[in-house]
Amino acid sequence: MSDQTRIDSLRLTEVAARGLFIDGRFREPVGGARRDVISPIDGRLLTTIAEARREDVDLAVAAARRAFEAGRWSRAAPSDRRKVMLRIAELIDRHALELAVLGVRDNGTEIAMALKAEPGSAAATFRYYAEAIDKVYGEIAPTAPNVLGLVHRQPVGVVAAIVPWNFPMMIGAWKIAPALAAGNSVVLKPAEIASLSLLRLAELCAEAGLPEGVLNVVTGKGSVCGEALGLHMDVDVMAFTGSGPVGRRLLEYSARSNLKRCYLELGGKSPNIVFADAPDLEQAAKVSAYGIFRNSGQVCVAGSRLLVEEQVHDDFVARVASIAAAMRVGDPLDLATEAGAVASEDQLSKNLDFVRRAEAEGGRLVTGGGRILTETGGFYMQPTVFAGIEPSMHLAQEEVFGPVLGVMSFRGEAEAVALANSTPYGLASAVWTSNLSRAHRMVRAVRAGVVHVNTYGGADLTVPLGGIGQSGNGHDKSLHALDKFTDLKTAWISL
Ligand code: NAD
């Protein structure tokens, strides 16, 4: 059976109403409230999820703490944790198509991308940290001979992870896998509009042998159960991916409660800088278009500001616009679709507001700008390109998190750097040039957590992902992620 045939049959399956996953099983929330899950594919009711209250968060944190203190996971040999995490990866692989289709019905990402980025990436992440954890050593300090200084790495205790809706499994795994590998217990809170695949993942973790209470999932409103996690006195670390305003709130919650450490992976307004000496303008145009429009622009590292050197500006904009106009936007469960649905009606109207404001402020609409496929009942938008964007305009300063690209023209390297660094963000970026020295100068000068050179958006687990400035302060992926979920403890021993 072809993958498309299997996807087409999975899309018709009924999605069971889910409870909260606490202490190794699904349970109804205190008070019994439920929330509708609307599929962005057709705007119809898909299923319902539990609406957690503060009391449910208390139960989840208590379960996580009990599991941590019991030590079946936290004090297990790292090689034993490795075995369970490898089994989790195996189960994710075995259920990859089911997980991907479930996630796409929930958030609208095109299935070709979801397969790679969601179960594909989640399985790889569990494998990476499973394999890493019995290879990370403590330290022996270079002390005077009459003492022995040992530096231990210990799990922090209870980790709360709050994640967004764009890639729930991938981003969820970036938090859960290193936290679990290090021996912590976790309470995970998915976004309101993308919880289903993470609830299923929790079930698979239990099937793989993760002890009860080590991973708990609470669903519901950010302002209720996310806030309860943020303010909880028994959560030791908060690992967050999402928007800047919510990130700020988490810092406040921490200050008002137990000073829990907060790691924030926030938004971006990433500059994609094309010099006239780019090695291949057509290739650069293609990668740039996909670098903003895949997943309908709902990618934190999306290259949403295109900076083009003036000699090639008009030609390059025309190339990007024609690629954008030809992109296949539509049914997210069709393997040929290049950009799926916008995740919610609310997000779609925010995107359209940006279009209206950019026009009002004098931006020149080159292609797109509108809602499409309304007859499906789903939430779809044309890939949209605006030229003539000035640094003071909203489209140059604020994250859209949708398929809207703003183009600016520049003259020479200094102006490119000034424009690139003219927002409070610093998540991703790219530089296209054939000049090796310029490439290295730009890598140093552009304020961003990642600078791609002659490509956009590539990465793997070996390298950290994190922002600077108002794009956040933590790093997901790579061995550095383990730092977030471990405490250093010194033993100072008199000899
Ligand atoms: P969001 O900040 O609205 O929500 C993120 C999570 O926070 C959700 O689970 C939500 O329920 C929860 N939340 C909302 N209000 C809360 C509160 N008061 N207290 C505690 N939790 C609360 O973000 P979103 O709309 O889901 O996702 C889009 C944002 O995420 C964009 O800004 C995007 O750039 C960012 N993002 C960043 C990265 C990265 O790696 N830096 C990756 C993906 C997405």
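How many bridges pair strand β5 with strand β6, and in which sense do the two strands run? Let's find out together, keeping in mind that you are looking at a predicted model.

**Stop 1: a sheet of three strands**

Select residues 139-140, which form β5, and residues 147-155, which form β6. The two strands pair in the antiparallel sense over 2 bridges. Follow the chain from β5 to β6 and you will travel round a hairpin of 6 residues. To see one of the pairings for yourself, click on Glu-139 and then on its bridge partner in β6, Val-151.

Now add residues 486-494, strand β21. This strand also pairs with β6 in the antiparallel sense, here over 9 bridges. Look for His-152 opposite Lys-489 of β21, and for Arg-153 opposite Leu-488 of β21. Together you have an open sheet in the order β5-β6-β21. Because β5 and β21 stand at the edges with a single partner strand each, one side of each has no neighbour in the sheet.

As a bit of background, strands of a sheet pair through backbone hydrogen bonds, either parallel or antiparallel.

**Stop 2: two domains**

Next, colour the protein by its domain assignment. Give one colour to domain 1, residues 3-266 plus 472-492, and another to domain 2, residues 271-460. The centres of the two domains, taken over C-alpha atoms, are 30 Å apart. Where the domains meet, 28 residues of domain 1 are in contact with 29 residues of domain 2.

**Stop 3: a sheet of seven strands**

Your next selection is an open sheet of 7 strands with mixed pairing. Its order is β14-β17-β18-β13-β12-β19-β20. At the edges stand β14 (364-367) and β20 (452-453), and each has a single partner strand, so one side of each is left without a neighbour in the sheet.

Do β12 and β19 run parallel or antiparallel? Select residues 271-274 for β12 and 430-432 for β19: they run parallel, joined by 3 bridges. One pair to click on is Val-274 and its bridge partner in β19, Trp-432.

**Stop 4: the ligand**

Now select the ligand and show what surrounds it. Which residues are the closest? Among the 30 residues around the ligand, the closest are Val-163, Glu-192, Ser-243, Leu-266 and Glu-399. Sorted by class, this shell holds 16 nonpolar, 8 polar and 6 charged residues. Keep your domain colours on here: domain 1 and domain 2 each supply at least three residues to the shell.

Try your distance tool on these three spots:

- Trp-165: a polar side-chain atom is 3.0 Å from an oxygen atom of the ligand.
- Lys-189: a polar side-chain atom is 2.9 Å from an oxygen atom of the ligand.
- Gly-242: here a backbone N or O atom is 3.4 Å from an oxygen atom of the ligand.

On its own the ligand would expose 840 Å², and the protein buries 91% of that. Highlight α8 (222-231), β10 (237-241) and α9 (244-256) as well, as these are the elements that give two or more residues to the shell.

**Stop 5: a meeting across the chain**

Finish at Arg-54, which lies in helix α2, residues 54-70. Which residues does Arg-54 touch, leaving out those up to four places away in sequence? They are Val-224 and Ala-228. Although Arg-54 and Ala-228 are 174 residues apart along the chain, their C-alpha atoms are separated by 5.6 Å.

How values were computed: Residues are numbered from 1 along each chain as its sequence is written. This is a predicted model: local features need pLDDT of at least 70, side-chain atom pairs count only at pLDDT 80 or more; totals for chains, interfaces and linings use all residues. Side-chain values use heavy atoms; hydrogens and water are left out. A residue is near a molecule or strand if one of its heavy atoms lies within 4 Å of it. A polar contact is a pair of N or O atoms within 3.5 Å; within protein, one must be able to donate a hydrogen and the other to accept it, and residues adjacent in sequence count only if both atoms are side-chain atoms. Accessible areas come from the Shrake-Rupley method with a 1.4 Å probe; for residues, only the protein chains shown count as cover. Helices (H or I, at least four residues) and strands (E, at least two) are DSSP runs, numbered from the N terminus. Ala, Val, Leu, Ile, Met, Phe, Trp, Tyr, Cys and Pro count as nonpolar, Asp, Glu, Lys and Arg as charged, and the others, Gly among them, as polar. Domain bounds come from an automatic or database domain assignment. Two strands pair if DSSP finds at least two bridges between them. Contact means heavy atoms within 4.5 Å.
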